[in-house]
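Colleague: Before I use any of these labels at the bench, I'd like to hear the reasoning behind them. Can you take me through it?

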Amino acid sequence: MAAVSHALAARHGVDAELTLEAESITSRILAEVDCLPSVAARAWRWAPEMEEIAATLRSTGLPPDLAEAGATVLRHWTADKDRFDLPLEKVLAHLHTPDDQD
């Protein structure tokens, strides 16, 4: 994902800005599971943005697969829109397809 991001930024002449922005990121998102209910509650607005990113990547000859997959994952949380009260277990359960929940 980082390589595709840098390729797209370079194509649009903003690669230095992307690198500068990336250097300021100190997040440990994978370790911060308590934020996932908040992510799920706001996913409804990010899925369409990921689809736009996929279209942009496709139009510049870059692979859109990761952005499309991101949109797919975020759509699993559509029903969680603005539900900041959901427990982590429920948020994670919503990522499963109906066949996986047996």
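Colleague: Why is E51 called partly exposed?

Modeller: Its relative accessible area is 40%. Buried means under 20% and exposed means over 50%, with partly exposed in between, so at 40% E51 gets the middle label. Bear in mind that this is a predicted model.

Colleague: What makes R75 and E51 a salt bridge?

Modeller: The closest N and O atoms of R75 and E51 are 2.3 Å apart. The cut-off is 4 Å between a side-chain nitrogen of Lys or Arg and a carboxyl oxygen of Asp or Glu, so this Arg and Glu qualify. The pair ties together parts that are 24 residues apart in sequence, because R75 lies in helix α4 and E51 in helix α3.

Colleague: How do you know that the side chains of R75 and E51 also make a polar contact?

Modeller: The two side chains come to 2.3 Å. A polar contact needs N or O atoms within 3.5 Å, so that distance fits as well.

Colleague: And which label does R75 get, buried, partly exposed or exposed?

Modeller: Partly exposed, with a relative accessible area of 39%. Helix α4, where R75 sits, covers residues 65–75. Leaving aside neighbours within four places in sequence, R75 is in contact with A47 and E51. The C-alpha atoms of R75 and R45 are 9.5 Å apart, while the two residues are 30 apart along the chain.

Colleague: How many salt bridges does the rule give?

Modeller: The count is 3. One of them joins R58 and E68, with the closest N and O atoms 2.2 Å apart. R58 is in helix α3 and E68 in helix α4, 10 residues apart, and the pair is described as linking distant parts of the chain. R58 has 46% relative accessibility and E68 has 33%. Partly exposed runs between 20% and 50%, so that label goes to R58 and to E68.

Colleague: What makes D85 and R83 a salt bridge?

Modeller: Their side chains meet at 3.0 Å, N to O. With a limit of 4 Å, the pair of D85 and R83 passes.

Colleague: Why is D85 called exposed, but R83 partly exposed?

Modeller: D85 has a relative accessible area of 55%, and exposed starts over 50%. R83 comes in at 36%, so R83 stays in the middle class.

Colleague: Let's go inside. Which residues have the most contacts within the largest nonpolar core?

Modeller: M50, L57, A67, L74, W77 and V91, in a core of 16 residues. Helices α1 (2–11), α3 (36–59) and α4 each supply at least two residues. The largest share, 7 residues, is from α3. Take A67: outside four places in sequence, its contacts are M1, M50, I53, A54 and L57. As a general point, nonpolar side chains tend to be buried together in soluble globular proteins.

Colleague: What makes L92 suitable for a nonpolar surface patch?

Modeller: L92 has a relative accessible area of 38%. Patch residues need over 30%, so L92 clears that bar. Helix α5 (residues 88–93) holds L92. With V73 and L95, L92 makes a patch of about 210 Å².

Terms used
Residues are numbered from 1 along each chain as its sequence is written. This is a predicted model: local features need pLDDT of at least 70, side-chain atom pairs count only at pLDDT 80 or more; totals for chains, interfaces and linings use all residues. Side-chain values use heavy atoms; hydrogens and water are left out. Patches are made of residues with over 30% relative accessible area and no salt bridge: like charges are joined within 9 Å, nonpolar side chains (Val, Leu, Ile, Met, Phe, Trp, Tyr) within 5 Å. Accessible areas come from the Shrake-Rupley method with a 1.4 Å probe; for residues, only the protein chains shown count as cover. Helices (H or I, at least four residues) and strands (E, at least two) are DSSP runs, numbered from the N terminus. Buried means under 20% relative accessible area, exposed over 50%, partly exposed in between (1.4 Å probe, protein chains only). Contact means heavy atoms within 4.5 Å. A polar contact is a pair of N or O atoms within 3.5 Å; within protein, one must be able to donate a hydrogen and the other to accept it, and residues adjacent in sequence count only if both atoms are side-chain atoms. A nonpolar core is a set of buried Ala, Val, Leu, Ile, Met, Phe, Trp, Tyr and Cys residues joined through side-chain atoms within 4.5 Å.
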